[in-house]
Amino acid sequence: LNRGFTEMHCMSGHSNFVSCVCIIPPSDLYPRGLIATGGNDHNICIFTVDNPAPLYVLKGHKNTVCSLSSGKFGTLLSGSWDTTARVWLSDRCMMTLQGHTAAIWAVKILPEQGLMLTGSADKTVKLWKAGRCERTFTGHEDCVRGLAILSEMEFLSCANDASVRRWQISGECLQVYYGHTNYIYSISVFPQCKDFVTTGEDRSLRIWKQGECAQTIRLPAQSVWCCCVLDNGDIVVGASDGIIRVFTESLERTASAEEIQAFENELSQTSIDPKTGDLGDINADELPGRDHLKDPGTRDGQTRLIKDNEKVEAYQWSVSEGRWIKIGDVVGSSGATQQTSGKVLFEGKEYDYIFTIDVNESGPSYKLPYNITDDPWLTAYNFLQKNDLNPMFLDQVAKFVMDNTKGQTLSSSAQFSDPFTGAGRYVPGFSSGSSTVPAADPLTGAGRYVPGSASNAVAPLSGVDPYTGMDAYQSASAKVENIYFPKKDAVTFDQANPMQILGKLKELNCSATEEHKLTEDDLIILEKLLSATCSTSAEMPTAQQLQTLWKALNWPEGIVFPALDILRLSIRHLTVNENFCSDKDHVQFITLLRKFLNPEGKQANQLLALRALCNCFVSQAGQKLMMEQRDEIITQAIEMKSGNNKNIHIALATLTLNYAACLHKDNNIEGKAQCLSVISTVMEVIQDLEAVFRLLVALGTLISDDTNAVQLAKSLGVDSQIKKYASVSDPAKVKECCRFVLNLL
C-alpha cells in the first residue's frame, strides 16, 4: 500500500526561485484545472497538469511575485514585493491594486464576488472591492505574512509579530491568538470549520481548535515556511530543510513505524539555538536531570529541558503516546550565529539578541534587546532610562553588550523602511463626505440660469431613443428587442439657452477683478462663438473666439461656470474639438477640466466639466484624447459619486457609457476592466434611475461579444448588484435593459 505521493512532473519556466504556487479550479476549457506559480523573476507561469512547460507567462509585476490566490470565473490575484497586487483573467492583467506602502506578502479572494484581501509588510491588511480599497485593517505590529478565509464575513491573518488575528469584514478585530515564539509565515483553515493551523520560524506547526493552541508539532528545521490543509483534513508543511511532510489523524494514512522512528531520530538530533527564544529563557545551571522525564506532561506539545552530563536536551510531551519525545539538543550561547532568519522576538519586534541583566542579587532581572547594527552605548543608556536604573551602570552595561557580541558582523538592518515606493503616488480610496454646495447658481435673479437644472435633459433625437425618457416604442404585444446596446455613438449634452448663458456671463463679468474682466469686444466674440456652435449656420468658429473662451475658462472658481457651459456646447463642433483636443494643446485642456473634478469644489463646475468631457467624444480627435487620458480622467471622475446631486450622477454615468462605446470598438480588455470597476463602484451609491439606466447600457456595451468581459463582470459581482433593477416598472427602459444585461451574465 502506497500511502504517499509520487512526483508526476518537474515543471520549469522561471529563471529564478519560485516563491508561491496556487491551483486554478477546473473550467470547461481546462477540465483538470491549471497550476499558477509566482517567481523571483517577477513573472507568473501558468501550467496545465500534463505539461512541464508553461501554457503562458504573465508579465507585469516589477519585483518578486510572492503570493497567489484563485477565484471564480478564472480570476487570479497576485501579490508582489513591488507593493501592488494584480487581478488577472486568463492571460491578461485586468486591474492593479495600489495603496500598500511595502511588499504584499499575502493575497486572498473572498467568496463574495468582487471582494479581495491583501496583507503587507506595511503591517496592514486591505479589503478591495471592484479594484478599489474599501477598508484598511490595522492592529498587527509587524509584517502581515498570511491570510485565510473563515467565511464570507470573517478571515484570519498571521504576522511577524508572532500573533494571529481574527477579523470581521466590517473592520473589527474579534480575537488575537498567541502561541508562536517567532514569526508566523503561513496559516490554513480546516474544511467546514473555524479551526486552523499555523507554521513559523520557531520550528513548529501549531493546530488551533476553539481558539486555543491544541497541539504543537516540532520539526527538524528552523523555518517552517508554509502549510496547507487538504480536503481530507491532512496537514502538509514545507520547511527550510527542503522536505515536505504530511501529518494526519487517520490511522489508514499514518506512516510506517520505521518512518515515524526516522522522523523522531532526525528531530532528536537537531541543534536548537537558545538565542532564537523558541524554548524561552534557558539557564543551563538550574536545569533538572533525566529523572525529570519520569513525570508526565500536563498538555500536548509541552516542552521540558533537562541537563544530561554537560548537554542540554529538549523534549516535548505527546498525549496520544503518553511519553516525552526528544526534539533536539540545545547548543551554543549568545554568541552563536544564525543560519536562517530566526531572530528573537521581544515585545513584538525582532532583535539579534535578548540579554537578561541582573542589576543586583535580590532585585528583578531586566530584558535588554539588542541588534548588531545598534550603538552599544546608546542601547545601554536607553535600557537604564527605560527601567529607571542608576546611570552609573552605563559603562558596565555597554561593556557587557560588547563582550557578548564580539566578532559579530553588521547585518543589514531589519527595519521595514519601505524600499519599494516613491512618494506622491495616488492611493485609491474614497473621498470623504460630500460637498454641501447646492447645484443651484449661488447668485440669484429673475429667470436665472441654473447649470444642470432639469431642463438640461438630453435632447430627444427621435421617439424611440431610450435616452429621452419617452416610452413611445412600447407596445404590449410586440416582443421587446434590445435597442439599448451595444451603444456605438457618444451620448452628448446638447440642451442650451445661449441668451441665458450670455446674460449670466455679462452679469458675473461686472463683479470680476480687473485682470479677469472681459472687454465688450470679448463678450461679442463669445456671443458669435455660441451662435456658430449652437446653430446650423455655416459660420465657422475662429481662433480668436477660442482664445477668448480660454481666457474666460481661467476665471476664478466662483464665477467660471458660464464659460464652462460655453465650452460644453462649443466642444461638440468639429473645429473646436480638434483645436482643444489636438496634440498641441490637449494637456492644458484636460488639466483644466480635471481641476474642476475636485470633490471639495463647486457642484456647478463639477457638473459642467463632466458634461464637457462627455461631449469631447463627438469626434475622432476628442475620442483619441479621452482614451489616452482615460486613467487620470476616470480616477478623478469617480470621486464625483460621493455627492447626492442626481445631475452629476447622470453625467458620470454618461461619461462611463461613452468610454464603454469606445472600448467596445477597440476591444480593450484592460480599459473594460477599469470601466466595469467604475460601474460596480458607482452602482452602489446612486439612486437616480436615469443614471442607473445609462450605467446598465454601459455595462451591456462592455460585455457584448466578449466572454472575458462577461467573466470579469461576474467575478466583480455586478450581476447581483443590478438584479433589483429588473423589476423597476417606471421607466420601463430600466427594467428591459437590465434584463438584457442579465441574459448575457
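# A guided tour from the WD repeats to the C-terminal loops

Select residues 58-88 to begin: this stretch is 0% helix and 55% strand, with its end C-alpha atoms 8 Å apart. Strands here are DSSP runs of E of at least two residues, helices are runs of H or I of at least four, and both are numbered from the N terminus. The model is predicted, so local features are restricted to pLDDT of at least 70 and side-chain atom pairs to pLDDT 80 or more, while totals for chains, interfaces and linings use all residues. Residues are numbered from 1 along each chain as its sequence is written, and side-chain values use heavy atoms, with hydrogens and water left out.

**The annotated repeats**

The UniProt record, an unreviewed entry, places the feature "repeat: WD" at residues 58-88, 97-129 and 177-209. Its positions follow the numbering used here, its feature names are shortened, and its annotations may be inferred rather than shown by experiment. Select residues 97-129 next: the chain there is 0% helix and 55% strand, and the end C-alpha atoms lie 10 Å apart.

**Strands β14 and β15**

Display Glu-154 and Arg-166, which form a salt bridge with the closest N and O atoms 2.9 Å apart. Glu-154 belongs to strand β14 (residues 154-159) and Arg-166 to strand β15 (residues 163-168), so the pair ties together parts that are 12 residues apart in sequence. A salt bridge is a side-chain nitrogen of Lys or Arg within 4 Å of a carboxyl oxygen of Asp or Glu. Glu-154 counts as buried at 11% relative accessibility, and Arg-166 counts as buried at 17%. The classes are buried for under 20% relative accessible area, exposed for over 50%, and partly exposed in between (1.4 Å probe, protein chains only).

Move to Asn-160, in the loop between β14 and β15. Asn-160 is buried, at 2% relative accessibility. Its side chain joins that of Arg-145 in a polar contact of 3.2 Å. Such a contact is a pair of N or O atoms within 3.5 Å; within protein, one must be able to donate a hydrogen and the other to accept it, and residues adjacent in sequence count only if both atoms are side-chain atoms. Add Tyr-183 to the selection: the C-alpha atoms of Asn-160 and Tyr-183 are separated by 4.1 Å, although the two are 23 residues apart along the chain.

**Around Glu-201**

Select Glu-201, in the loop between β18 (196-200) and β19 (204-209). Which side chain of opposite charge is nearest to Glu-201? It is Arg-145, 7.8 Å away, and Glu-201 is buried yet has no salt bridge. For charge, Lys and Arg count as positive and Asp and Glu as negative, with His and the chain ends not counted. The side chain of Glu-201 does make a polar contact of 2.7 Å with that of Ser-223. Asp-202 and Arg-206 meet through their side chains in a salt bridge (3.2 Å, N to O), and both residues are buried.

**A salt-bridge network**

The structure holds 28 salt bridges. One of them links the side chains of Asp-329 and Lys-326 (2.8 Å, N to O), and both of these residues are buried. Extend the selection to Arg-290, Asp-308, Lys-311 and Glu-313, which salt bridges with shared partners join to Lys-326 and Asp-329 in one network.

**Helix α6**

Select residues 543-553, helix α6, where Gln-545, Leu-546, Thr-548, Leu-549, Ala-552 and Leu-553 are buried. Viewed down the axis, these buried residues fall within an arc of 160°, so they line one face of the helix. The arc is that of the directions from the helix axis to the C-beta atoms. An α-helix has 3.6 residues a turn, so residues three or four places apart point the same way. The face turned away from the buried side carries the exposed residues Ala-543 and Gln-547. Show α5 (520-534), α7 (561-570), α8 (574-581) and α9 (586-596), against which the buried residues of α6 pack; contact means heavy atoms within 4.5 Å.

**Backbone geometry**

Most residues other than glycine have a negative phi, and most peptide bonds are trans. The following stops concern backbone torsions.

- Phe-485 to Pro-486: the peptide bond is cis, with omega near 0°; Pro-486 is in the loop between α3 (394-404) and α4 (498-511).
- Asp-730 to Pro-731: the peptide bond is cis, with omega about -5°; Pro-731 is in the loop between α17 (718-722) and α18 (732-744).
- Gln-192: phi is positive, near 55°; this residue is exposed, with a relative accessible area of 81%.
- Asp-705: phi is positive, about 55°; this residue is in the loop between α15 (689-703) and α16 (707-715).
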